[in-house]
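Hi,

Here is the structure I promised to pass on. Have a look at it first, and my notes follow below.

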Amino acid sequence: MPSSRIEFHMITIPTVGRGGQMSPFASRSGNPPRGLPTQHSVPSMFATAAARRSTGAAARIWRSISTSTHRLTPDAGGEPARLRGVQEFLDFRRAHPEQCAVVVGALDEWPMLGPDWGPERLRDEHGDVEVPLEVSTGGADYRDAYREDAPRSRSRTFQADHLVRLGDFIDAFVLGGRDVPPGVNAYLAQHDLLARIPELSDACSPTPPHVGDGDDAQRERTMRRCWLGPRGTQTPLHRDPYHNVLAQAWGTKRVVCFPPSDENKMYPFTANGFLRNTSTIEDVDDADESKFPLFSKAGRVTTTLNPGECLFMPAGTWHEVRATSASLSVSYWWGRRGTGPAGA
Ligand SMILES: O=C(O)CCC(=O)C(=O)O
């Protein structure tokens with residue numbers, strides 16, 4: 001076997017949140033933890049250390065995947081407003097309490113966007129940090145781990161908290177420098193990576209001034225979570241209880257949003273408590289009109305978030321996120337519905 005190839009064999013992953021407890025990586029935000037303990041066998045791409053290598057080829061691959069995107073949407077709806085500056089943002093919030101907006105210019109000082117930073121540096125300098133991945137096959141997402149209404153499928157598996165070296169994950173998935181079996185994806189999702197790697201936190205500073213609605217104390221209390229993965233990672237249609245600035249550092253993501261007041265058109269899971277904030281609609285681009293008749297009447301906006309841009313989403317916004325290239329984003333969550341400027 002060539003040394004650049006990853007050994008691929010099936011292993012049984014130890015349960016996450018051992019002893020039936022919630023995973024330590026379960027969200028404290030009110031999101032469902034992205035994945036329940038499962039005993040399924042999932043593929044391990046990380047079984048050998050032999051392939052841990054730094055290569056110029058990997059850097060070239062990164063440059064090509066981080067700039068290439070693919071078309072995703074047949075029915076994009078409108079586009080969110082584009083805003084610059086905190087005052088413009090606060091005025092917009094007061095006037096349109098339910099609407100999303102793209103904020104530009106807020107990350108201009110981030111070293112992370114400059115030439116000194118990239119996945120290779122993260123791999124080379126912090127590759128030994130152990131991180132919990134979501135590993136999926138067949139397009140599965142965290143709903144597959146929770147829902148009780150669907151038969152388990154061998155081709156569609158989801159495993160949360162698959163612990164690996166950050167460097168191996170970056171090599172295999174983010175840089176794409178190793179062969180990964182078709183249909184397998186991995187996502188470092190909703191993880192407080194900035195708290196674990198202070199140098200990364202410095203590189204993602206300062207916090208965008210819009211976070212916390214311009215209030216310093218709110219900004220101090222903000223929760224930060226990182227999302228690092230290859231093209232094709234996705235977060236299904238769901239809502240969060242907090243206001244959110246999703247800051248895009250590397251790569252691009254398509255985000256489709258619906259306002260909080262369209263809750264009755266989102267068809268969330270009802271039986272399963274963990275999934276009450278998550279829609280049963282599999283694909284926002286291809287929702288079955290006979291099963292979800294109100295969905296097409298919801299006020300959709302779609303944007304592709306580019307490096308250096310932030311997407312503001314008021315608490316309760318329904319959103320689906322797909323990475324259209326390898327990507328690193330940071331979410332900032334604060335407040336609750338009705339706690340923004342003028343009660344927005
Ligand atoms: O980037 C993603 O995959 C999901 C982001 C998200 O859902 C959030 O920030 O609330």
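By class, how many nonpolar, polar and charged residues does the shell around the ligand have? The shell has 3 nonpolar, 5 polar and 2 charged residues. For those classes, Ala, Val, Leu, Ile, Met, Phe, Trp, Tyr, Cys and Pro count as nonpolar, Asp, Glu, Lys and Arg as charged, and the others, Gly among them, as polar.

Before the rest, two notes on the source. This is a predicted model, where local features need pLDDT of at least 70 and side-chain atom pairs count only at pLDDT 80 or more, while totals for chains, interfaces and linings use all residues. Residues are numbered from 1 along each chain as its sequence is written.

Back to the ligand. The residues around it are Trp227, Thr235, Asp240, Asn244, Leu246, Lys253, His319, Val321, Ser329 and Ser331 (a residue is near a molecule or strand if its C-beta atom, placed from the backbone, lies within 6 Å of it). Two or more of these residues come from each of strand S10 (243-250), strand S14 (318-323) and strand S15 (327-334). Helices (H or I, at least four residues) and strands (E, at least two) are DSSP runs, numbered from the N terminus.

Now the sheets. One is an open sheet of 9 strands with mixed pairing, in the order S3-S4-S13-S10-S15-S8-S7-S5-S6 (two strands pair if DSSP finds at least two bridges between them). Strand S3 (81-84) and strand S6 (157-165) are the edge strands, each pairing on one side only. From one strand to the next, the twist averages 25 degrees (axes are lines fitted to C-alpha atoms, for helices over the stretch in contact, and angles run from 0 to 180 degrees between N-to-C directions). S10 and strand S13 (residues 309-313) run antiparallel and are joined by 4 bridges. Asparagine 244 has methionine 313 as its bridge partner in S13, and Asn244 is also one of the residues around the ligand.

The other one is an open sheet of 4 strands, ordered S9-S14-S11-S12, with antiparallel pairing. Strand S9 (234-239) and strand S12 (301-305) are at the edges with a single partner strand each, so one side of each has no neighbour in the sheet. Neighbouring strands here are turned by 15 degrees against each other on average, direction ignored. Strand S11 (residues 253-258) pairs with S14 in the antiparallel sense over 6 bridges. Valine 255 stands opposite valine 321 in S14, and Val321 is among the residues around the ligand.

On to the helices. Helix H2 (residues 86-95) lies across S3 and strand S4 (101-104), at about 140 degrees to S3 (residues are in contact if their C-beta atoms, placed from the backbone, lie within 7 Å). Helix H5 (residues 166-174) lies across strand S5 (130-137), S6, strand S7 (184-191) and strand S8 (223-229), at about 125 degrees to S6. The axes of H5 and helix H3 (residues 119-126) come within 8 Å and cross at roughly 155 degrees. H3 and H5 are therefore roughly antiparallel to each other (under 35 degrees counts as roughly parallel, over 145 as roughly antiparallel, 65 to 115 as roughly perpendicular and the rest as oblique). Pro119, Leu122, Arg123 and His126 of H3 make the contact with Leu166, Gly167, Ile170, Asp171 and Val174 of H5.

Two backbone details to finish. Serine 205 and proline 206 are joined by a cis peptide bond, with omega about 0 degrees. Aspartate 161, found in strand S6, has a positive phi near 55 degrees although this residue is other than glycine.

Cheers

How values were computed:
Two residues are in contact if their C-beta atoms, placed from the backbone, lie within 7 Å.
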